[in-house]
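Student: I'd like a close look at one part of this model, with a bit of its surroundings. Could you walk me through the charged side chains and then move outwards from there?

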Amino acid sequence: MELSSTQEVSGQTARACRVSVIIKALNEESGIVETLESALRAVSRVGGEVVLADSCSTDRTVELAMQYPVRIVQLAHPNERCCGVGPQLGYQHSSGEFLYVLDGDMQMLDGFLEEALAILEQRPEIAGVGGRVIELNTESLEYVAREQRVAAHRQAGSVDRLDGGGLYRRSAIEAAGYFSDRNLHSYEEYDLGTRLRSLGWTLWRIPRGAVNHFGHDAPPYRLLMRRWQTRYVWGLGELIRAAIGQPRLAMVVGGLSELRLYAAVLVWWTVLASVPLWPIGVASKLLVFFTTLALPVLFMAWRKRSFEKAIYAVVSWSFHAAGLVRGLLQKPRPPRAMISSRVLREPANLSQSSV
């Protein structure tokens, strides 16, 4: 049963519930059972539903999920896969007064939903509450660096985004127009945060653990290649393009410290490309070129006390800088348009009406 881009999901508002946990998944068979069970435990304590938003998995993700009392919805068109499409797809098929987004490689921790709900009910100015994302992948250079990074939005208190998931009130999402931008291959939480904050809402993070995150176990350079192939690194450029002409543009750009880094990488590339044109001798050109090439690596090796981590950092910057340019060139679909999808299963044998 496919939903067209202009049709609406029937019967969802009639089945209003307190919390909808939306699980976005693509080929997560190795951990989807634990993810589903953790989400079902969490909603059993507060009342609610679990919605699995599947991006056309080709493994046993859906087959395994069929064993559980959850709503399973799936993209109609695999070419629409991206990080932003999953939450929005789940949102279309949810009915909760509050919404939590969970990745298919995460497990919810007991007690977080109760505490987050209490905060949202006590403080009407808060649109969403997040907690600590506990990184359990201790092998990947990227995930280790992420855990060690002391980013402001990962600290307790008022934040500009809820990376790693959060509990949002539906009324705030409705005011923002849509849950997640279907065009974004990353930065979907930051985009949502800027849209909410531009309307006067606040986002809040508490020090309590919300989820365990296992992450991908691919070697670091293979992970970078995967992120290029899946267009994940295009996300920053797509985000900026979506904000151009919008009142939130200054807020979007002002909160992205990495944007300055990737812009510097583009300048670095430009300098390297220009060296052959300099009016100096060949030997001098080679000296300038290789010195300029080595400087970022040497600086990061000094900073990280590791050549391995330094080289990976510079290569990662380069992937993201290239992705920034590619994302800026990508033409987006209307983010408010209905996502074509199929309902594969309703919990408790509820009617799967075609709309």
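Student: Let's start with one arginine: is Arg161 buried or exposed, and what is its relative accessible area?

Tutor: Keep in mind that this is a predicted model. Arg161 is buried, as its relative accessible area comes to 7%. Its salt-bridge partner is Asp160, and the closest N and O atoms of that pair sit 3.0 Å apart. As background, side chains of opposite charge can pair when their charged atoms come close.

Now for another buried arginine. Arg182 has a relative accessible area of 7%, so Arg182 is buried. Arg182 makes a salt bridge with Glu80, with 2.7 Å between the closest N and O atoms. Glu80 belongs to the loop between strand E4 (71-75) and helix H3 (85-92), while Arg182 belongs to the loop between helix H6 (170-176) and helix H7 (188-197), so this pair ties together parts that are 102 residues apart in sequence. Glu80 counts as buried too, because its relative accessibility is 10%.

Set beside that the bridge from Arg60 to Glu63, where the closest N and O atoms are 3.5 Å apart. Here Arg60 is partly exposed, at 39% relative accessible area, and Glu63 is also partly exposed, at 46%. If you want the full tally, the structure holds 13 salt bridges. Some of the charged residues link up further: Lys24, Asp103 and Glu188 are joined in a network of salt bridges.

Arginines turn up over rings as well. Arg195 lies over the face of Tyr178, 3.8 Å from the ring centre, and Arg227 does likewise over Tyr232, at 4.3 Å from the ring centre.

That brings us to the rings themselves. Searching the whole structure gives 7 aromatic pairs. One of them joins Phe299 and Trp302: the ring centres are 6.0 Å apart and the planes meet at 40°, so the pair is tilted. Both residues are in helix H12, and because they are 3 residues apart there, about one helical turn separates them. Phe299 is partly exposed, with 44% relative accessible area, whereas Trp302 counts as exposed, at 55%. Elsewhere, ring pairs connect Tyr91, Tyr168 and Phe179 into a cluster.

Stay with helix H12 for a moment and look at the surface. Tyr221, Leu295, Leu298, Phe307 and Ile311 make up a nonpolar patch there, and together they have about 500 Å² of accessible area. Helix H12 (282-304) and helix H13 (307-328) each contribute at least two residues to the nonpolar patch. Tyr221, for its part, lies in helix H8 (residues 220-229). Tyr221 counts as partly exposed, because its relative accessibility is 37%.

One last stop, at the cysteines. The structure holds 0 disulfides. Take Cys82: the nearest cysteine sulfur belongs to Cys83 and is 6.9 Å away, and Cys82 is in no disulfide. With a relative accessibility of 14%, Cys82 counts as buried.

Definitions and conventions: Residues numbered from 1 in each chain as written. Predicted model: local features only at pLDDT ≥ 70, side-chain atom pairs only at ≥ 80, totals over all residues. Heavy atoms only, no water. Patch = residues over 30% accessible without salt bridge, like charges linked within 9 Å, V, L, I, M, F, W, Y side chains within 5 Å. Areas by Shrake-Rupley, 256 points an atom, 1.4 Å probe, with all protein chains shown as cover. Salt bridge = Lys/Arg side-chain N within 4 Å of Asp/Glu carboxyl O. Helix = DSSP H or I, 4+ residues; strand = E, 2+ residues; numbered from the N terminus. Buried < 20%, exposed > 50% of the residue type's maximum accessible area, 1.4 Å probe, protein only. Disulfide = S-S within 2.5 Å. Phe/Tyr/Trp six-rings, centres within 6.5 Å; stacked < 30°, edge-to-face > 60°. Lys NZ or Arg CZ within 6 Å of the ring centre and 35° of its normal.
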